[in-house]
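Hello,

Here is the structure I promised to pass on to you. Please open it beside this email and follow along as you read.

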Amino acid sequence: HQHNHHHHNINITNNTKNSKRWLSSKYASVDHSTAYQTSMSSSHGTQLQLALEEGKGKDDAPFDPFSQFLDQMGSTENANADGYQQHGEFEVEEEHIEEAEFEEIAATDAADGDAEKDEAQHEEEILDVDEDGEESEDDEDDEGPVYTTTGALHRPKSEKIALAAGYPAGGQFAVIHLAGRQHKVTQDDLLVVNKLKPVAHWCVGSTHTIKGDNVLLMGNQKKTLVGLPGVKGAEVDVMVEEITRDKTLIIFKKRRRKNSRRKNGFRRQVTFLRVLDVRMPKGEEVGDVGDDNVEEDVRAAA
C-alpha cells in the first residue's frame, strides 16, 4: 500500500511539471503539412484542380469571328482603290491628282514637324519635373484599381470563378481581439468595427500593430499556432481608412389595439480598418506558403 501511494505521488509530480511547462509556453504549434500534402495528392486535390480549371480562359478578350480575315483582306478602302485602278476610271487625271496630293502632304508634314518639336520640348519639361520621384498619371492608370467600390480586393474574373468553385486562396490568416470582438483576418481584408477611441490615436491614415495577447491564433496551409492565451511574437498591421456611420437600422415598435406605434432610425459610428500585413513569429516563417497562391496558379493554368 505504501509503494502504490508513493508511485501515485510521483505521477502527480510529473503531471504538475508538464502542466507548468505547458502554461509557460508562448503558443502551441500544430504542424499539419504532411496531412495537407496527403490530402492534395488524393482525390480531394484532383477536385480542387478541376475548380481551378473553371476560371481558365475567362480573362481573354471576346472572340471575334472576322478578326482572322482582316489581315488577309485588308481594309475596305484599299480593296475599293484596287478595284477602281483595275477598271481604269481614274487614269486620266491621275498625274494632276498625285501632284496636288504631294503638295498638300509636304505642307502638312512641315506643320506636323513644328508641332512635334513643341511637344518634344513640353515632354522634356514634364520629365524634368517627374525626375524628383513622382510617378506619372499614366503609370497609375495602367496599374488599375487595387480595391473595388465595396472595399474588397480587386481580383480578375478567372480568379473569382476559381475561388467560387472551391479552390483554396492560400496565404495565412490570424484571429485577433479588437474592440471587444474577435475577427478572422488575412492580408488586404477590410474590417468594420465600432468606432475606436480616442479618435486622436485612431485617426484616419494612422497605422497600428496588433500583437501580444490580442493575436489569439494564426495559421496557414502548413501549420497552426494556438495562443496561450496569445501568440507571442505574432503581429498584424492595420491602417485606419475611414471613420463614418453605418447604414440606417430601422427600429419599429407597435402595440396592437392600443393605437401605439414608434419608428426610429439608428446609425452606429464605425471605423474602417485595412489589414496591411499578417506576420508570424520569428522562426515560424519557414512554414509559410508562397507557391500555393491562387493568382499564380490561375495564371499557370491559363
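How much accessible surface does the chain have, and what share of it belongs to carbon and sulfur atoms? The accessible surface comes to about 22900 Å², and 50% of that belongs to carbon and sulfur atoms. Please keep in mind that this is a predicted model.

Let me start with the chain as a whole. There are 302 residues, and 19% of them are buried. Along the chain you can find nine helices and eleven strands. If you take the contacts with a separation of 6 or more, 73% of them are between residues 24 or more positions apart.

Now to the strands. A good one to look up is β7, which covers residues 223-227. Four of its five residues are buried, so you will find this strand mostly covered, given that buried means under 20% relative accessible area. Which strands pair with β7? One of them is β1 (residues 27-31), which runs antiparallel to β7 and is joined to it over five bridges. Within that pairing, S29 has L225 as its bridge partner. Another is β6 (residues 215-219), which is also antiparallel to β7, with three bridges. Here G219 is bridged to T224. Strands β6 and β7 make a hairpin, and three residues lie between them.

Next, have a look at T271, which sits in strand β11 (residues 269-279). Is T271 buried or exposed? T271 has a relative accessible area of 0%, which is under the 20% cut-off, so T271 counts as buried. Its side chain reaches the backbone nitrogen of L196 at 3.2 Å. Beyond its neighbours within four places in sequence, T271 touches a run of residues from L191, V192, V193, N194 and K195 to L196, and also V240, E242 and I243.

Finally, let us turn to the surface. Which residues make a nonpolar patch there? The patch is made by L249, I251 and F266, and its area is about 300 Å². I251 belongs to strand β9, which spans residues 249-255. Why is I251 called partly exposed? Its relative accessible area is 46%, and this value lies between the 20% and 50% cut-offs, so I251 is neither buried nor fully in the exposed class. You could view I251 and T271 one after the other: I251 is partly exposed, whereas T271 is buried.

Enjoy exploring the model, and send me any questions you have.

Best wishes

Methods
Residues are numbered from 1 along each chain as its sequence is written. This is a predicted model: local features need pLDDT of at least 70, side-chain atom pairs count only at pLDDT 80 or more; totals for chains, interfaces and linings use all residues. Side-chain values use heavy atoms; hydrogens and water are left out. Patches are made of residues with over 30% relative accessible area and no salt bridge: like charges are joined within 9 Å, nonpolar side chains (Val, Leu, Ile, Met, Phe, Trp, Tyr) within 5 Å. Accessible areas come from the Shrake-Rupley method with a 1.4 Å probe; for residues, only the protein chains shown count as cover. A salt bridge is a side-chain nitrogen of Lys or Arg within 4 Å of a carboxyl oxygen of Asp or Glu. Helices (H or I, at least four residues) and strands (E, at least two) are DSSP runs, numbered from the N terminus. Buried means under 20% relative accessible area, exposed over 50%, partly exposed in between (1.4 Å probe, protein chains only). Contact means heavy atoms within 4.5 Å. A polar contact is a pair of N or O atoms within 3.5 Å; within protein, one must be able to donate a hydrogen and the other to accept it, and residues adjacent in sequence count only if both atoms are side-chain atoms. Two strands pair if DSSP finds at least two bridges between them.
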